[in-house]
Amino acid sequence: MCGRYAASRRPEDLAGTFEIETWEPEESLEPDYNVAPTKEVFAVLDRPLKDADDKRPVRQLRRLKWGLVPSWSKTPEGGARMINARAETVHEKPSYRRAFAARRCILPADGYYEWVTGVQERDLEVEGRKKRPRKQPYFVLPADGSVFAMAGLYEFWRDRTLPDDHPQAWWATCSVITTEAEKSPLAVAPADGPHALADIHPRMPLMLTPDRWDAWLDPARADADDLRSLLAPPPAGLMRAYPVSTAVSNVRNNGPELLKELEGPEEGTLF
């Protein structure tokens, strides 16, 4: 799954990486090292500009709220639960299939966090001696330091309780597509810890390599079978993972220190 990630790249950097044609300075976001559901995040998408005579799709950098609200929802309350869409079923689930066909995006990140319950902690949990095991967070990122381009979906939801000219009349929301975690060895693995992403968690965000970006963002591609071919996992051996401070477990903590690599898991969280 993907329940937390880091996104520190500036809009100017993202514009160059993804060949953004337009973005509004007022749409800027501060670097966020602890992105949690319901926060606003950057998304790359191809879409005609609003009120423009030219209806061709334009690559844009937009702000979306993480937690997808389907257009047909009566209320936005379920958005916080729709932060992830499974690659295996995204084409058929009512909440996601319309967006999958027409509203796909890329959610740029530095990498994502995932938590592992230590062996000793799991043993205590099995024995019934501890109900809430302490978990060791790991940061997962491309080994070469490039952007982690997560496949995403976006939707628009109209709040019918507000007038058309109200600034909050429309919600723009998104979801991260996840896939089965890689079982192959990490490109760089911690000496005392997991050696594959599947050792950390059975799911992972679907990372799109640059050769798939244009096809994924193209709104003209709407055939489900064609699009599902883009959901194949990236080549193995591109990722690294390392332990970080348990401070990231508190969503109120935010800063580059959360990405600092530890020499090993914190005491009480041994892998």
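## Aromatic pairs

Nine aromatic pairs are found when the whole structure is searched; the model examined here is a predicted one. One of these pairs joins Tyr 113 and Trp 115, with 6.4 Å between the ring centres and 45 degrees between the planes, a tilted arrangement. Tyr 113 is buried because its relative accessibility is 0%, and buried means under 20%. Trp 115 is likewise classed as buried, with a relative accessible area of 18%.

## Contact between strands β7 and β8

Tyr 113 also pairs with Phe 139. The centres of these two rings are 5.0 Å apart and their planes meet at 50 degrees, so this pair is tilted, since tilted pairs are those neither under 30 degrees nor over 60.

The pair of Tyr 113 and Phe 139 connects distant parts of the chain, with the two positions 26 residues apart in numbering. Tyr 113 belongs to strand β7, residues 111-117, whereas Phe 139 belongs to strand β8, residues 135-142. Phe 139 has a relative accessible area of 2% and is therefore buried.

## The ring cluster

Tyr 113, Trp 115, Phe 139 and Tyr 242 are linked by ring pairs into a cluster. Within this cluster, Tyr 113 takes part in the tilted pair with Trp 115 and in the tilted pair with Phe 139.

## Charged side chains over rings

Two tryptophan rings are considered here together with basic residues. The charged end of Lys 65 is placed over the ring of Trp 171, at 4.4 Å from the ring centre. Arg 104 lies over the face of Trp 216, and its distance from the centre of that ring is 5.7 Å.

Technical notes
Residues numbered from 1 in each chain as written. Predicted model: local features only at pLDDT ≥ 70, side-chain atom pairs only at ≥ 80, totals over all residues. Heavy atoms only, no water. Phe/Tyr/Trp six-rings, centres within 6.5 Å; stacked < 30°, edge-to-face > 60°. Buried < 20%, exposed > 50% of the residue type's maximum accessible area, 1.4 Å probe, protein only. Helix = DSSP H or I, 4+ residues; strand = E, 2+ residues; numbered from the N terminus. Lys NZ or Arg CZ within 6 Å of the ring centre and 35° of its normal.
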